[in-house]
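Reader: I would like a close look at a single part of this structure. Please pick one helix and go through its packing, contact by contact.

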Amino acid sequence: MGILSVLDREHSVAPPGYSRWLIPPAALAVHLCIGQAYATSVYKTSMVKHFDASQTSIGVIFSIAIVMLGLSAAVGGTWVERNGPRKAMFVSACFWAAGFLVGALGIGTGQLWLVYLGYGVIGGIGLGIGYISPVSTLIKWFPDRPGLATGLAIMGFGGGALVASPLSRQLLGLYDDGYDPNNSASVAGGGALVALFLTLGIGYFVIMMFGVFNIRVPAEGWKPDGFDPSTVKQKALVTTANVSAANAIKTPQFWLLWVVLLCNVTAGIGILEQASPMIQDFFRNPDGKSSVAVAAAAGFVGVLSIFNMAGRFGWSTTSDVIGRKPIYALYLGVGIIAYFLLATVGHTSTVVFVLLAAVILSFYGGGFATVPAYLRDLFGTYQVGAIHGRLLTAWSAAGVFGPLIINGFLDREGKPGTLTEEAYRPALFTMVGVLAIGFVANLLIRPVAERFHEKSSSTATTEAAS
């Protein structure tokens, strides 16, 4: 118990002179690791063959993980606020690593349910706790630039796949001589999959420990040099009061923002989940063959990942200048235009198609990175991490709705490999409607009524730091 006490909040208070710029790298260490969740497609085909299962059965692993991310973030948010980022990051690392180890056991013994339990349930809990663990701390360290701070960390979640995808392919090639890392159709054996999961589990745990032992919380009353808290009052929608997590979910602002996030994420997932076959279907020749090669389609997915990651930092940083409500009006309003153009003229040129999809994915990433700062503006810093956790249930819902909308329309239009751009239009126009709902919800957001505020903002701040 004495050893674990180093994880307590009171033992992670920063000493005088501690640089706040050391906090984003600590948060990034966690988010880069859990961002591996976006790279599961690398070994999906190998898993299908190993378990002799359907694509859907293996895809469920990722779905379970995302659902557990939202649920664990919602349920564990208050615990994270109470115990501080260091203990939360440690718990996240343990669950995330254990998920890989249990998953490896499932692969080795041929028990798919163990992979559901390991990577899906146990790993999913690590995803949720890890995702929200640094948010409140970053906002308290960067009261002058909360969008930039959260963007730096959450950028790592979007960029985690850029590291994990090539790394996983190279490791599979190392563990299986018959696997070609440069061939997307190549399949690795069960032994290589077990070794991959063990390597990732142990490696990610070590990297996340860097974040655990470098994260700090600011001392009570600390503020950046030259920062005047009174200037916050001059910005629209930004409160200097505090709202508890319990009270936040009673406000219309929380649920309006929940709808905003749901719509923005649903639209983004609609592109992300179908990216590779979508670009091939949009440019199908009269003979039924696509003019876009499989390798080029894979490169397109990589481009989208870059814009997803860049949007998380670029747009969230921009929100510090123009405000959170205007930036979401941009995400949703321009997103409506981009989806409409994608449906109507996207098939005319691969350049036009890629640019429109890239813009949509940058808004998708930006929405994730900006929402913690939006919550801080509306509800204060008191329990912003816990409120963020509850809001992420919108992500879980979008993870179901987005693929259902796209796949539901496509299933009615024909079989994979035979679809054209016309098959996508009903789904894309539906996404225009989804974004319009989010746009209206964002317009309706107003400052939180005083009856939801904590009686004393200073008291709330003290309690949050204890």
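Author: What follows takes helix H17 and its contacts in turn, and ends with a cavity.

This is a predicted model, in which local features need pLDDT of at least 70 and side-chain atom pairs count only at pLDDT 80 or more, while totals for chains, interfaces and linings use all residues. Residues are numbered from 1 along each chain as its sequence is written, and side-chain values use heavy atoms, without hydrogens and water.

Helix H17 covers residues 421-443 and helix H16 covers residues 393-413; helices are DSSP runs (H or I, at least four residues), numbered from the N terminus. Their axes come within 8 Å and cross at roughly 155°, where axes are lines fitted to C-alpha atoms over the stretch in contact and angles run from 0 to 180 degrees between N-to-C directions. H16 is therefore roughly antiparallel to H17 (over 145 degrees). The crossing of H16 and H17 is right-handed, with the near helix turned clockwise from the far one by less than a right angle. From H16, Gly402, Ile405, Ile406, Phe409, Leu410 and Glu413 meet Ala423, Tyr424, Pro426, Ala427, Thr430, Met431 and Val434 of H17 (contact means heavy atoms within 4.5 Å). Sorted by class, this contact has 10 nonpolar residues, two polar and one charged. Ala, Val, Leu, Ile, Met, Phe, Trp, Tyr, Cys and Pro count as nonpolar, Asp, Glu, Lys and Arg as charged, and the others as polar.

The next partner is H10. Its axis lies 8 Å from that of H17, at an angle of about 155°, so H10 and H17 are roughly antiparallel to each other. Here the crossing is left-handed. H10 contributes Leu256, Val259, Val260, Cys263, Asn264, Thr266, Ala267 and Gly270, and H17 contributes Met431, Val434, Leu435, Ile437, Gly438, Ala441 and Asn442. The contact of H10 with H17 holds 10 nonpolar and five polar residues, and no charged ones. Met431 and Val434 belong to both the H16 contact and the H10 contact.

H11 (residues 275-282) also comes within 8 Å of H17, axis to axis, and crosses at roughly 125°. That angle makes H11 oblique to H17. Pro277, Met278, Asp281 and Phe282 of H11 touch Glu421, Tyr424 and Leu428 of H17; five of these residues are nonpolar, none polar and two charged.

Last comes the cavity. Leu435 is among the residues that line the largest cavity, as are Asn264 and Ala267. A cavity is a set of points on a 1 Å grid where a 1.4 Å probe fits but cannot get out, and lining residues have an atom within 4 Å of a point. Helices H10 (252-272), H13 (324-345) and H14 (350-379) each give two or more residues to this lining. The lining has seven nonpolar residues, three polar and no charged.

Note on methods:
On a 1 Å grid over the protein atoms alone, a cavity is a set of points where a 1.4 Å probe fits but cannot get out, and a pocket is an open set with protein on both sides within 12 Å along at least five of seven lines; lining residues have an atom within 4 Å of a point. Angles under 35 degrees count as roughly parallel, over 145 as roughly antiparallel, 65 to 115 as roughly perpendicular and the rest as oblique.
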